[in-house]
Amino acid sequence: MKISRLMLCCLYFLIWLPSAFAGDANIAPTPPMGWNSWDSYGQTIDEQQFKSATDWMAKSLRRYGWRYVVVDEGWYIENPSAADAKEYKLLLSKDGRFMPVASRFPTAANDAGFKPLADYVHDLGLKFGLHIIRGIPREAVARNLPIADSSFHAADAADQTDACPWNIYNWGIKNNAAGQAYYDSIVKQYAGWGVDFIKVDCIADHPYKPEEIRMIHEAIKKSGREIVLSLSPGPTAVEHAAEVTKYSEMWRICDDFWDHWGKWEKHEWSQSLFQQFATTAKWASHIAPGGWPDADMLPLGHLGPNPGAGDTRETRFTKDEQRSLMTLWSMARSPLMMGGNLPAIDKDDWTLSLLTNPEVIDIDQNSKDNRAVATSDTSAVWLARPEHGEGYYLAVFNLSDTDQFVKKEWKELGVPAGRYRLHDIWEEKDFDPLPSLIITLRPHASVLYKIDGAK
């Protein structure tokens, strides 16, 4: 049977097209791993600081699977150190799109945008990402600027009854042709710059904006570039799981997460590590290639010189809490986005060890059947299996403020009865076959085992 050239072209197009879809496993077959500027720089990062972080990741982390480097909020603000957001000077193009300011990002001068910086990142074998806030700039609406590549103007797209409750830059977007045209225009611009990752804020919760999520998804499809779509902040409601999975690669399951086990005074909005155990447990059934429940960034190492919350500091997590954090994120297959200052790790062997344990990373990237088999106010147990091969991964956490003795039969932990060899992944120790689990854990500490060889 003969097939026409037209049919072959259509067949090729259908085969190729899914790789350009948001929410598709071809874009993020495993949880994205990278670095985001917010935890160390807030709105103030400049090009030299970003390149230093990029260089360090390429040198020290790329071989372990870390790939994305992301400029977080405020790259279009000329004076990010101003005392009041009302005093910010925002750089806007003639067609109403935010632009990186050349005083902070010199290679963006002469309307080059972020393409030179993205090229720099790509030349190091890494991928480049940006943070944006949903909607359209209020100044563009006030001036009714034209929307690029369309017959519409900003006022046609803007919903001036809708504003992000914690941001004064943008109005919301109408679910109409003009609104779609605006999102098409900015994503086309980002694709032209070489952007590989877009973190969209004020869209996954307080408020949840499904129409705008779908419009951004459509804009990414039209751009023809594979771009990870990350939705923020949380907590994304579990009842929206099917929708966010369809339209994005990752979505925040909590509010902003910082370096505290329990309550953080004057930052009550911040998600604690203790809270994350229940949060990740309820999302475990939604873990799937191309759709990753996101437990937020890793506030590890040095947080500075200008962290997005609190003063410059070393992470306040104890070493036990830091291992518990990395263990939980990996067992829950959360994206791993480091927040601490990367070049500072040159003098921090401990933090480097947290980010470069190949077995921990392999659990995050390649395990299956991940689930919490028990979660209470005092303890949590997670179980998973290798993507290929036999055995189990078992993590046991002490959530209490005192030492905890744990004695459990394997079947209580979701493992068939038997005698198993244990490999302690963090300590790199092996144990002879054991008929049950017996351990004592310090407050907020954990163990992570590979279990093999039932007898």
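## What counts as a cavity

A cavity here is a set of grid points where a 1.4 Å probe fits but cannot get out, and a residue lines that cavity if one of its atoms is within 4 Å of a point. With that in hand, we can take a tour of this predicted model, starting with its enclosed spaces.

## The second largest cavity

Let's begin with the runner-up, a cavity of about 80 Å³. The residues around this space are Asn36, Phe197, Lys199, Ser230, Ser232, Met250, Arg252, Asp294, Asp296, Met297 and Met337. Two strands, S7 (197-201) and S9 (250-252), give two or more residues each to that lining.

What mix of classes does the lining of the second largest cavity have? By class there are 4 nonpolar, 3 polar and 4 charged residues. Lys199, Arg252, Asp294 and Asp296 are part of the lining, and they count as charged because Asp, Glu, Lys and Arg make up that class.

## The largest cavity

In total, the structure has 4 cavities of 30 Å³ or more. The largest of them holds about 110 Å³ of space. If you want to find it in the model, look for Trp75, Tyr76, Phe98, Ile132, Ile133, Gly135, Pro137, Tyr169, Asn170, Tyr182, Ile186 and Tyr190, which line it.

Strand S3 (127-133) and helix H7 (177-193) each bring at least two residues to this wall. Which element gives the most? That is H7, with 3 residues. As for chemistry, the lining of the largest cavity splits into 10 nonpolar residues and 2 polar ones, with no charged residues.

## The largest pocket

Now for the open spaces. The largest pocket contains about 580 Å³ of space. It is lined by 27 residues, and the ones closest to its centre are Trp38, Glu73, Trp166, Asp201 and Asp256. Helix H2 (38-41) and strand S7 are the elements that give two or more residues to the lining.

S7 may ring a bell: this strand also gives two or more residues to the lining of the second largest cavity. Sorted by class, the wall of the largest pocket has 12 nonpolar, 6 polar and 9 charged residues.

## The second largest pocket

The next pocket has a volume of about 280 Å³. Of its 14 lining residues, Glu427, Leu441, Arg442, Ser446 and Val447 are the closest to the centre. Helix H11 (319-331), strand S20 (436-441) and strand S21 (446-452) are the elements with two or more residues in the lining.

Which of these gives the most to the lining of the second largest pocket? S21 does, with 4 residues. The lining as a whole has 7 nonpolar, 2 polar and 5 charged residues.

## Two helices side by side

Last stop: a pair of helices. The axes of H3 (residues 47-60) and H4 (residues 115-123) come within 10 Å and cross at roughly 15 degrees. Angles under 35 degrees count as roughly parallel, so H3 is roughly parallel to H4. Is the crossing left-handed or right-handed? The crossing of H3 and H4 is right-handed.

On the H3 side, Glu47, Phe50, Lys51, Thr54 and Asp55 make the contact, and they meet Leu117, Tyr120 and Val121 of H4. Together, the residues of this contact divide into 4 nonpolar, 1 polar and 3 charged.

Technical notes:
Residues are numbered from 1 along each chain as its sequence is written. This is a predicted model: local features need pLDDT of at least 70, side-chain atom pairs count only at pLDDT 80 or more; totals for chains, interfaces and linings use all residues. Side-chain values use heavy atoms; hydrogens and water are left out. On a 1 Å grid over the protein atoms alone, a cavity is a set of points where a 1.4 Å probe fits but cannot get out, and a pocket is an open set with protein on both sides within 12 Å along at least five of seven lines; lining residues have an atom within 4 Å of a point. Grid points are joined across faces, edges and corners, and a volume is the space filled by probe spheres set on the points. Axes are lines fitted to C-alpha atoms, for helices over the stretch in contact, and angles run from 0 to 180 degrees between N-to-C directions. Angles under 35 degrees count as roughly parallel, over 145 as roughly antiparallel, 65 to 115 as roughly perpendicular and the rest as oblique. A crossing is left-handed if the near helix is turned anticlockwise from the far one by less than a right angle, and right-handed if clockwise. Contact means heavy atoms within 4.5 Å.
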